[in-house]
Amino acid sequence: MGFGFVECDSEESVRKAIKALQGTIVDGHSLELKRSSKAVASSVRKKSQGSNPTKLMVRNVPFQATRKELLQLFHRACI
């Protein structure tokens, strides 16, 4: 299984994403989400115009999952 990182634009978005997507089945595998302890790059902070972006670590991502599939899943949860 693979892993990845997702950047949300607020703490509230992170809470919503974890609540909505924790344990979601993608291609037969249950996703595991948790807050990432790594800092977000300064260029992303500048784009967000002062908001405090937050990063999620997503584990157990199946290799068969497509970029489009994951973008759709997290776009709905992080807005």
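In what order do the three strands of the open sheet line up, and is the pairing parallel or antiparallel? In this predicted model, the order is β1-β5-β4, and the pairing is antiparallel. That leaves β1 (2-8) and β4 (32-35) as the edge strands, each pairing on one side only. On average, neighbouring strands of the sheet are turned by 25° against each other, if direction is ignored. As a general point, strands of a sheet pair through backbone hydrogen bonds, either parallel or antiparallel.

The pairing can be followed bridge by bridge. Seven bridges hold the antiparallel pair β1 and β5. Among the pairs here, Cys-8 has Thr-54 of β5 as its bridge partner, and Glu-7 is matched with Lys-55 in β5. On the other side, β4 is joined to β5 by four bridges, again with the two strands running antiparallel. Here Lys-34 stands opposite Met-57 of β5.

How many of the eight residues of β5 are buried? The count is six of the eight, so β5 is largely enclosed by the rest of the structure. A good residue to look at is Val-58, which sits in this strand (residues 54-61). Val-58 has a relative accessibility of 2%, and since buried means under 20%, it counts as buried. Setting aside neighbours within four places in sequence, Val-58 is in contact with Gly-2, Phe-3, Gly-4, Val-6, Leu-31, Glu-32, Leu-33 and Phe-74. Of these contacts, Gly-2, Phe-3, Gly-4 and Val-6 carry numbers that fall in β1 (2-8). Another pair worth picking out is Val-58 and Arg-35: they are 23 residues apart along the chain, and their C-alpha atoms are separated by 8.8 Å.

The sheet also has a helix to deal with. Helix α1 (residues 11-21) lies across β1, β4 and β5, and it runs at about 160° to β4. Which residues of α1 are buried? They are Ser-13, Val-14, Ala-17 and Leu-21. Looking down the axis of α1, these buried residues fall within an arc of 100°, so they line one face of the helix. Their packing partners are β1, β4, β5 and α3, so the list takes in a second helix as well as the strands of the sheet.

Just past α1, the backbone does something to note: the helix is followed by Gly-23, which has a positive phi, near 85°. Thr-24 then lies in the loop between α1 and β2 (25-26). A polar atom of the Thr-24 side chain lies 2.8 Å from the backbone oxygen of Leu-21, and Leu-21 is itself one of the buried residues of α1. Not counting residues up to four places away in sequence, Thr-24 touches His-29, Ser-30, Leu-31 and Leu-73. Leu-31 also turns up among the contacts of Val-58.

Finally, there is the stretch after β5. Is Gln-64, in the loop between β5 and α3 (67-77), buried or exposed? Gln-64 is exposed, with a relative accessible area of 54%, whereas Val-58 in β5 is buried at 2%. Gln-64 can also be placed relative to Val-26: the two are 38 residues apart along the chain, with their C-alpha atoms separated by 9.0 Å.

Terms used: Residues are numbered from 1 along each chain as its sequence is written. This is a predicted model: local features need pLDDT of at least 70, side-chain atom pairs count only at pLDDT 80 or more; totals for chains, interfaces and linings use all residues. Side-chain values use heavy atoms; hydrogens and water are left out. Buried means under 20% relative accessible area, exposed over 50%, partly exposed in between (1.4 Å probe, protein chains only). Contact means heavy atoms within 4.5 Å. Two strands pair if DSSP finds at least two bridges between them. Axes are lines fitted to C-alpha atoms, for helices over the stretch in contact, and angles run from 0 to 180 degrees between N-to-C directions. A polar contact is a pair of N or O atoms within 3.5 Å; within protein, one must be able to donate a hydrogen and the other to accept it, and residues adjacent in sequence count only if both atoms are side-chain atoms. The arc is that of the directions from the helix axis to the C-beta atoms.
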